[in-house]
Amino acid sequence: MNESLLKGAKHNLINALREKNIANEQVLQAFDKVDRHLFLQETFLYNEAYQDKALPIGCGQTISAPSTVAFQTQLLEVSSTDRIMEIGTGSGFQAAILFAMGAQVYTIERQADLFRQTKSLFERLRINPAVFYGDGFRGLPQFAPFEKIIVTCGAPHIPENLLKQLKINGIMVIPVGDSRQTMKRIVKTDETSYKVTDFGDFNFVPMLQSTVYLK
Ligand code: SAH
């Protein structure tokens with residue numbers, strides 16, 4: 001894609017996000033910095049990379065629509081001092097957006113092929129969210145607690161381990177439900193109390209229990 005086409009496509013996408021009530025300028029700037037087409041494999045989808053659509057990324061998984069990525073990122077209230085854990089690395093696009101906002105990103109994927117692909121993509125792009133092959137239901141206790149946690153697959157319930165790995169005053173954004181999910185923002189108010197707010201219905205690929213265990 002030549003530079004001016006790319007610029008135009010991103011500009012249109014950012015306007016579309018503004019129309020969908022994404023008002024956080026840092027989130028919008030991150031969409032300007034990150035080239036979404038680099039996170040898609042099928043070259044025939046090249047033109048679609050900057051439309052507000054979810055797209056296949058192989059292994060039966062999808063990269064979320066830009067407005068969904070932007071919405072979750074906005075709910076997370078990212079600051080550049082945050083350490084953020086993501087469950088569901090997939091294409092790596094969401095992790096790259098958080099990284100572009102200055103956060104330290106730890107992301108977990110349960111599918112070995114996607115894990116390998118995305119880890120080597122980050123190396124090629126010279127960006128370094130830390131990528132882990134493992135089970136999102138377990139999280140990353142060795143790096144906890146996190147200021148923020150974002151789950152990008154549909155969780156059957158709110159995993160207890162993830163709540164434990166969230167800092168007090170930390171925020172977790174997680175879609176919860178089976179065939180459709182309700183987006184929930186959870187603020188940890190003390191060691192055992194949480195404030196939960198619902199933000200509408202979404203459609204994610206499922207968060208699956210994994211046979212992979214972290215060492
Ligand atoms: N954030 C990704 C979205 C990918 S779709 C992106 O920006 O492209 C959700 C991903 O969650 C899939 O790759 C799927 O394999 C992964 N996933 C599902 N259950 C998981 C689990 N228990 N632990 C870690 N990853 C999981």
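Here are three short exercises on the structure above, each with a worked solution.

This is a predicted model, where local features need pLDDT of at least 70, side-chain atom pairs count only at pLDDT 80 or more, and totals for chains, interfaces and linings use all residues. Residues are numbered from 1 along each chain as its sequence is written, and side-chain values use heavy atoms, with hydrogens and water left out.

**Exercise 1.** Find which residues make the contact between helix 2 and helix 4.

*Solution.* Start with the helices, which are DSSP runs of H or I with at least four residues, numbered from the N terminus. Helix 2 covers residues 25-33 and helix 4 covers residues 93-100. Next, look for heavy atoms within 4.5 Å, since that's what contact means. You should land on A30, F31 and K33 from helix 2, plus F93, I97 and A100 from helix 4.

**Exercise 2.** Work out which ligand atoms pair with S91, T152 and L208.

*Solution.* Take polar contacts, pairs of N or O atoms within 3.5 Å. First, S91 puts a polar side-chain atom 2.7 Å from a ligand oxygen. Then T152 has a polar side-chain atom 3.0 Å from a ligand nitrogen. Last comes L208, where a polar backbone atom sits 2.6 Å from a ligand nitrogen.

**Exercise 3.** Spot what is unusual about the backbone at N21 and at P145.

*Solution.* Recall the background: most residues other than glycine have a negative phi, and most peptide bonds are trans. Now check N21: its phi is near 70°, so a positive value. Then check the bond from A144 to P145: it's cis, with omega near 0°.

Methods: Axes fitted to C-alpha atoms, helices over the stretch in contact; angles between N-to-C directions. Helix = DSSP H or I, 4+ residues; strand = E, 2+ residues; numbered from the N terminus. Polar contact = N/O pair within 3.5 Å; in protein donor to acceptor, adjacent residues only side chain to side chain.
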